[in-house]
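This report describes a single protein chain by its helix packing, its charged pairs and its overall composition. The model is predicted.

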Amino acid sequence: MKRRAFTQRRARLACGVVGFCAALLPARAFAAPPKIQDNNYKVEFFQGPVIAPVRITGLAGAYTGYAEGVEGTATNAAGPAVREPFSVHALDWDLTASFSFPGSYANTDFDNHGPASSKTPSSSFSNFLYLNVGAQIQYDLFGASITGDLQQFNLSTPTTQSTLTLQIGRFHALGAYGVFNDQLVIGAGVRILALNVNGNNNVIGNTGVFGGSILTMTGAAPEVGALLKPDGAFWRLGATVRAPVTAGNVGSAQTTTDAANVTRVGEFIVPQSIVQPWELEVGLAMQAGPRPLNPTWLNPEQDEAPIRLQISRARALRAARYAEILRDTAPGFVAAEKGELAKGEAAIQAIENQHLDIESKKLLAQRRARYANWPREKLLFVASVLITGADSNTVAVESFLEQTNEPFGRSVTVTPRFGVESEPVIDWVRVRAGTYIEPSRFSDGTPRDHFTAGADFKLFSFNAFGLLDNTTWRASFAVDAAPRYFNWGLGIGLWH
């Protein structure tokens with residue numbers, strides 16, 4: 001009996017020690033981070049979830065190695081000059097527009113801070129809205145594009161006990177050129193980041209500033225990209241590098257500097273700068289099935305070159321003969337002879353122009369038939385790896401709004417992505433799915449898995465009363481689901 005009693009007492013003592021330690025550990029591990037004390041810090045804008053046009057979202061963002069369409073310019077700076085198989089004109093264009101609602105449900109952890117049960121009270125994100133618009137124009141082997149991503153969401157912070165509105169704009173202005181008959185495309189341009197924090201009444205406190213802009217910043221940095229797509233190959237390889245964007249000039253509605261030389265706007269200590277880290281993204285695309293991935297692009301200029309050269313030579317020969325005739329013409333009849341020769345030449349050139357127009361239309365019809373006769377069955381696989389750089393003394397946007405100095409973005413992170421696309425209902429429906437692992441930029445954060453899906457549906461043809469040529473439209477949707485995060489979006493564009 002004594003031995004049993006001793007064993008029970010020892011067990012109770014052990015349980016008490018374990019319980020006491022367990023009670024202490026959470027307080028130590030998840031203690032509130034220190035408050036920001038001065039202006040010696042930077043705010044980092046890092047977007048972990050894929051927030052992009054719906055096709056890219058459905059493919060989990062793994063688009064760098066594919067880079068087709070105006071959507072491709074968001075992931076690869078070489079995208080504007082990538083000629084798609086349906087491109088049959090020397091001058092071509094593309095448009096896109098989409099919107100989505102990241103964080104549609106409550107308790108969204110947009111910055112992947114971690115489960116709420118393991119963290120101190122943090123900000124609450126709500127009313128997300130994302131809008132993407134883009135336009136692209138191509139001529140011969142050159143292409144240029146402008147795309148814009150506009151995000152807006154509300155954020156309620158324990159610090160202010162009020163709601164702030166964040167507006168973030170990301171813009172890409174790019175130019176690209178294809179070499180080796182568009183088998184290698186090289187592009188460059190700038191990416192622009194604009195951030196604005198607005199407050200409603202009582203956000204600023206007793207400073208006399210009510211609502212309006214609390215903090216604004218803009219910055220720009222170069223980016224370059226390349227895409228290798230050998231004719232006839234079933235694969236593509238792409239890469240793009242984006243330099244870090246830094247905005248050192250921070251504007252606000254009203255700033256004050258106290259005796260300790262700390263600059264504030266209302267209750268917010270202003271950051272030294274706002275940064276977007278450098279990025280390196282490498283991607284691969286592979287396609288199975290009878291539909292070719294990299295068909296040789298038939299350049300209309302080269303396609304029509306023989307007939308144009310033939311007409312040009314014929315006109316040069318006639319001009320030489322006209323010169324001989326005029327030399328042999330009596331001086332008094334030169335003017336009359338010139339008039340007759342000019343009339344005859346105008347008639348001949350009209351016939352030649354008509355012949356050129358007929359031949360150009362025949363060649364155009366052949367290029368269209370070539371594209372239309374390709375089988376549509378395919379299985380496209382895309383994969384990419386996004387490497388995001390590190391910076392020192394940076395905090396998240398969330399931490400800035402809460403005025404807490406929690407380490408963020410202090411080490412390089414890697415985001416692997418994978419997607420697949422097919423067309424189960426030929427020439428009517430395309431579907432896609434993907435997955436990616438989102439890293440956490442917080443020092444104690446953990447990665448989380450995302451699963452994505454999407455589809456395109458063919459709608460109707462509309463030529464805008466003759467202004468557009470054979471234009472068929474599509475509707476698209478995409479979803480992105482992960483722990484503590486959900487995004488869905490809709491889009492419209494051209495069906496090819």
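## A buried charged pair

Arg 318 and Glu 352 are both buried. Their side chains form a salt bridge, with N and O 2.8 Å apart. The pair connects distant parts of the chain, since Arg 318 lies in helix H4 and Glu 352 in helix H5, 34 residues apart. In general terms, side chains of opposite charge can pair when their charged atoms come close.

## Packing of H4 against H5

Helix H4 covers residues 305-328 and helix H5 residues 334-372; their axes come within 11 Å and cross at roughly 170 degrees. Angles over 145 degrees count as roughly antiparallel, and H4 and H5 are therefore roughly antiparallel to each other.

On the H4 side, the contact includes Ile 307, Arg 308, Ile 311, Ala 314 and Arg 318. On the H5 side, the residues met include Val 334, Leu 341, Ile 348, Glu 352 and Leu 356. The residues of this contact divide into ten nonpolar, three polar and eight charged.

## Further salt bridges

The count of salt bridges comes to 29. One of them joins Arg 376 to Asp 427, whose closest N and O atoms are 3.7 Å apart. This pair also links distant parts of the chain: Arg 376 sits in the loop between H5 and strand S15 (379-388), whereas Asp 427 sits in the loop between strand S17 (413-425) and strand S18 (429-438), 51 residues apart. Arg 376 counts as buried because its relative accessibility is 14%, under the 20% limit. Asp 427, with a relative accessible area of 26%, is partly exposed. Both residues belong to one network of salt bridges that share partners, which joins Arg 55, Arg 376, Lys 378, Glu 421, Glu 423, Asp 427, Arg 430, Arg 432, Asp 456 and Lys 458.

Another salt bridge is formed by Arg 264 and Asp 258, with the closest N and O atoms 3.6 Å apart. Arg 264 is partly exposed at 28% relative accessibility, and Asp 258 is partly exposed at 31%.

## The chain as a whole

The chain contains six helices and 21 strands. Of its 496 residues, 46% count as buried. Among the contacts with a separation of 6 or more, 71% are between residues 24 or more positions apart. The chain exposes about 23400 Å², of which carbon and sulfur atoms supply 63%.

Definitions and conventions:
Residues numbered from 1 in each chain as written. Predicted model: local features only at pLDDT ≥ 70, side-chain atom pairs only at ≥ 80, totals over all residues. Heavy atoms only, no water. Axes fitted to C-alpha atoms, helices over the stretch in contact; angles between N-to-C directions. Helix = DSSP H or I, 4+ residues; strand = E, 2+ residues; numbered from the N terminus. Parallel < 35°, antiparallel > 145°, perpendicular 65-115°, else oblique. Contact = heavy atoms within 4.5 Å. Nonpolar A, V, L, I, M, F, W, Y, C, P; charged D, E, K, R; others polar. Buried < 20%, exposed > 50% of the residue type's maximum accessible area, 1.4 Å probe, protein only. Areas by Shrake-Rupley, 256 points an atom, 1.4 Å probe, with all protein chains shown as cover. Salt bridge = Lys/Arg side-chain N within 4 Å of Asp/Glu carboxyl O.
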